[in-house]
Amino acid sequence: MDFGNLLYLKEEISLILVMVLLLLFDLFCTGKIRRYFQLTACVLMAVHTLIHLDPMPDGQAFGGMYINSPILSVVKTILNVGTLIIFMQARNWLSRESTSIKRGEFYVLTLSTLLGMYFMISSGNFLLFFIGLETASVPMAALVAFDKYKHNSAEAGAKYILSAVFASGLMLYGISLIYGTTGTLYFEDIPAGIDGCPLQIMAFVFFFAGMGFKISLVPFHLWTADVYEGAPTSVTSYLSVISKGSAVFVLMMILVKVFAPIVEQWQMMLYGLIVLTISIANLFAIRQQNLKRFMAFSSISQAGYLMLGVIAGSAQGMSALVYYVLVYLFSNLGVFGVISIIEQRSGKVRMEDYNGLYRTNPRLSIVMMLSLFSLAGIPPFAGFFSKFFIFMSAAGEGFYLLVLLALVNTILSLYYYLLIVKAMFINSNESPIATFRSDNYTRVSLIACLLGVLALGIFSMIYDRISLLAFGL
Amino acid sequence: MESAVLIFVLPMLMFMLLGIGGKYMTHRTAGRLGTLGLTVITVLAYVTAYRYFGAGRSGGVWLPQTVFHLEWLRFTENLQIELGILLDPISVMMLVVITTVSLMVHIYSLGYMKGERGFQRYYAFLSLFTFSMLGLVVATNIFQMYIFWELVGVSSYLLIGFYYTKPAAIAASKKAFIVTRFADLGFLIGILLLSFYTQTFNFTELMSGNVCASASGATFLGGSVIAWALGLIFVGGAGKSAMFPLHIWLPDAMEGPTPVSALIHAATMVVAGVYLVARLFPLYIEAAPELLVGIAIVGAFTSLYAAVVACVQTDIKRVLAFSTISQIGFMMVALGVSGMGGHAGLGYVAGMFHLFTHAMFKALLFLCAGAIIHTIGSNEMSAMGGLRKYMPVTHITFLVACLAISGIPPFSGFFSKDEILTAAFLFSPWMGVLMSGIAGLTAFYMFRLYYNIFWGAEAKREHTPHEAPVSMTAPLLFLAFVTCFAGFIPFGNFVSSDGVEYTIHLDGKVALSSVGLACVAIGIAFRFYRQASVLPAKMATAFGGFYRAALHRFYIDNLYLFITKRIIFAGISQGIAWFDRHVIDGAMNLTATVTQKVAYCIRGLQSGQIQQYAFVFLIGTLLIVVWMVFL
């Protein structure tokens, strides 16, 4: 074997290095120096992000099992940025007495799920894909149950692992059927063997169900609300952004590359599922009072919008999708950052608790408002542009009715996003959440999110760059 | 040429600085900061002009240069929105005009606006306007131009409504915004049509000639689509440049502070329409020469109409406003009668030249009017009279400007107006005679204004008028200086329809007749208004109905009111309002009710039991399989 190929795994290797370093730090450094643990984690992650900012060239290793290309590397960088922001937001929560003893675990577990996603994204074979998927989900269950002495968190962990196992089982069955009918697991070779017979269709749907679980599409979404509500807020934001974003991207790669021969079938299926997903998620979101549950349904409906890029199946759809993930990351982390810090400081997560927040914490309210505007897609914030591009990519492939339905749902979503804004700015409250000062890590992360929300739309270079790389698809 | 990028960016930064930081500054700091920023921008603009024209022609023509280019939004391979800076003779000329007048207005406002509430806001808006106007003239593509076109409209709206506690100012700002916005609708449709058929926004590509050929096949109602698009684009230009019948906003816009009127509603923004036609001139010549004749007719009619109305107005700013409309009409006529290249292109040179000289002397007139209003406290001519003793500097500079606009040599207006008349005679003798007549009217109403303000009987005053402070008279002197000598600039060397050098020579017959006519008109004004006389009143009674109609601007505003209030609001809008309230809102309410009901009904799906989740998951998957395989 040519070991030079291993250089294509630079990003994975560097991530493992970060992970091992943090693990060693956690194990061997005691006393005063431990105070710098979080700082080290953030700095290492930032360094890791920065050195891989430049997209990797095309290349493959392990006989085509592992592939890398510029657009894949861009997606990895986006995930890195999101993880870094979550690391910063998690500090406050991890510094509490009950969790500070095991905070090292949080970082190592998070990074190992990230490593799993890396492999998932870079896989050129269903085997490596499945290994990546499982590497990403098993530690995730541990993360969801991180506050294990809390009833909610433990329950969420159990629900997550059971659902994940169930989904993985179905998916594995699907993959084995694909292997059985085509005789190979390599993405490159499978399309030649796909002829659209019912067995393959069933295999495809089983595989899709597994991915649908990760992305939380209807009807595979039921775990989402309970897990999001029970998990620690930082983990919830990780689930909603990083885990979901990577899964959607991989799904698109596989659909376009592997299942190209049955494109009409999967487009028809996605058509139905997108309509169902967006509508049902919106219907549930309207009634939620708990903000974390609310964000769960919001993220389900956002997943529906993301699938619009997938259904387009074009290079434009791909760039719109990656751009959407990027924008969604900043907007959603902005919202979760605020929810997280408020939960830490006051223990409140219900919508009525947010009444009158603007009076006591104006800056947090503004961050929250702008992030919500971006999620709802109001110009000139980044969310408008990302929605615009993703709608355009779907319309470009002729899905006019679908785009129209999605647009109608955007109006519905505007209603419930504005409910929170109304609570913060208009509703009066006799005992609002007291004024507090956020820690510097949270501030930096929120400023980063705000900049992302404001600048990503206006500065088009980012979208142009993504679309340039995606044209090589 | 990189300095051009700074010209573009600096005003924006000034706007943000003054807009956000303004409330932490004193009036003095904000004013000085704004003026200093604009001085730098002006110097940069001059440097750019010097370098551009200093570099010389290549191949006998001034080549357009794109010194900055950014792809902003890419829709498809062909269609993308770009931002950039295009330097060519007319955009460089506009850079000089805009920065010069804007700088004068900045300095002037230090004195004029002293102590006003919202002083910092005023300077912030001035920066915003300068930014938008500069962005408009250097646009590399028609879409960028449209963006800045709207920004110019917004800043004009903000500045007209600067005294937002005055109901008249609010009404005027709304009127200006709505009327120009209405015209911009035409502009937008024109852009969409043009870009749809030519597949490009870019000016350079539009001018290259082959795009017209590729799109010439498509026709609509007998005309080619390109001609329709250009016609609609002209509607946008006519709105901004206050061409009849879209002129109604400009006289009302005089409610804004006077320096703003000088900058926006005399020198820069209102000539945006002329600039637009000049920018697309090769396209007009190639795709729709008959449209240019239409433009000339609209320009000539507007010019005549405005000149007649200006003769009877009594508010000095209104007189100047109608005079502006009339002069822009001259420029439009010049462009409309022009051909491409050589002697046929005289109109183009003349139009641009007049734009340049008019910007200077009209700004001067407005600033003088500002100085007068500042000390008198009223816009009405009857409150003035005999001011020459109290305000010598204003008097002399105003006189210079009046002589220039009347076309008396050697002031700048003579040269540019004379060329327009020559071009008009070349086009058709009728047009030449008409425009000469209007030039005579111009001389009459300007000197009517002059004599009424500075001579004639003094009105009763509570305190003696005084000359304006230095910060206000210095810009007046500078602009008067430019007005005296700008006529000798060999303008054809710099700007011509095809970029080739064009030497201007005076046509003796035209020059003589126009100067003679102007002198006669001035003589009549002298006889009528030099001293209190019964002649004007006699004339008014002699003309009777015509006089009253002119005083009421020929009832155009009333016609608009009738159409909007009686027909649109009462007739059409009521029906639409009913439809909106009952059908649209009803549908929305129905959606909301249904949503709530459905949300309530399906809540059972989310039971919290993992067994049920797995069940739904599995059944869902199987149903999809069944659906995909059997349907």
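A:Ala470 touches A:Ile71, A:Ala315, A:Met318, A:Ser319 and A:Val322, leaving aside residues up to four places away in sequence. The model is predicted. One of these contacts spans a long stretch of chain: A:Ala470 and A:Ala315 are 155 residues apart along the chain, yet their C-alpha atoms are separated by 5.7 Å. A:Ala470 sits in helix H20 of chain A. The residue is buried, because 21 other C-beta atoms lie within 10 Å and the cut-off for burial is 20 or more.

Helix H20 also takes part in the contact between the chains. That contact draws 27 residues from chain A and 21 residues from chain B. On the side of chain A that touches chain B, at least two residues each come from helix H7 (151–182), helix H9 (198–215), helix H10 (223–230), helix H12 (263–287) and helix H20 (461–470). By class, this side has 19 nonpolar, 4 polar and 4 charged residues.

The overall architecture of chain A was examined next. Its secondary structure comes to 20 helices and 2 strands. The radius of gyration of chain A is 21 Å, and the globule rule gives 23 Å for 473 residues; chain A is therefore as compact as a globular protein of that length. The C-alpha trace of chain A spans about 65 × 55 × 45 Å along its principal axes. Of the 473 residues, 59% count as buried. Contacts at long sequence separation are frequent in chain A: among those between residues at least 6 apart, 79% join residues at least 24 apart.

An unreviewed UniProt entry places the feature "domain: NADH:quinone oxidoreductase/Mrp antiporter transmembrane" at residues 123–413 of chain A. Over this stretch, residues 123–413, the chain is 80% helix and 0% strand. The end C-alpha atoms of the stretch are 35 Å apart.

Two residues of chain A have an unusual backbone feature to report: a positive phi outside glycine. Phi of A:Phe62 is near 55°. A:Phe62 is found in the loop between strand E1 (59–61) and strand E2 (66–68) of chain A. With 15 other C-beta atoms within 10 Å, A:Phe62 is partly exposed. A:Ser216 likewise has a positive phi, of about 55°. The loop between H9 and H10 of chain A holds A:Ser216. A:Ser216 is buried, with 28 other C-beta atoms within 10 Å. Both helices flanking that loop, H9 and H10, supply at least two residues each to the side of chain A that touches chain B.

Chain B was described in the same terms. Its secondary structure comes to 26 helices and 4 strands. A compact globule of 631 residues would have a radius of gyration near 25 Å; the value for chain B is 28 Å, which agrees. Along the principal axes, the C-alpha trace of chain B spans about 100 × 60 × 50 Å. Buried residues make up 52% of the 631 residues in chain B. Of the contacts in chain B with a separation of 6 or more, 80% are between residues 24 or more positions apart. The domain assignment of chain B gives domain 1 (289–551) and domain 2 (557–630). The C-alpha centres of these two domains of chain B lie 60 Å apart.

The largest nonpolar core has 211 residues. Those with the most contacts inside it are B:Leu230, B:Tyr284, B:Ala363 and B:Leu364. Helix H16 (residues 346–376) of chain B gives the largest share of this core, 21 residues. A second, separate core has 187 residues, including A:Cys42, A:Ile274, A:Ile342 and A:Ala376. In the largest core, B:Leu230 is one of the residues with the most contacts. Beyond its neighbours within four places in sequence, B:Leu230 is in contact with B:Gly190, B:Leu280, B:Leu283, B:Tyr284, B:Ala287, B:Ala288 and B:Leu291.

Cis peptide bonds occur in chain B. One joins B:Phe244 and B:Pro245, with omega about 0°. B:Pro245 is placed in the loop between helix H9 (225–240) and helix H10 (249–252) of chain B. Another runs from B:Pro409 to B:Pro410, with omega near 5°. B:Pro410 lies in the loop between helix H17 (392–406) and helix H18 (412–427) of chain B.

Technical notes
Residues numbered from 1 in each chain as written. Chains lettered and ligands numbered in written order. Predicted model: local features only at pLDDT ≥ 70, side-chain atom pairs only at ≥ 80, totals over all residues. Rg over C-alpha atoms; globule rule 2.2 N^0.38 Å. Buried ≥ 20, exposed ≤ 12 C-beta atoms within 10 Å, placed from the backbone. Contact = placed C-beta atoms within 7 Å. UniProt positions renumbered as here; feature names shortened; annotations may be inferred. Nonpolar A, V, L, I, M, F, W, Y, C, P; charged D, E, K, R; others polar. Core = buried A, V, L, I, M, F, W, Y, C linked by C-beta atoms within 7 Å. Domains from an automatic or database assignment.
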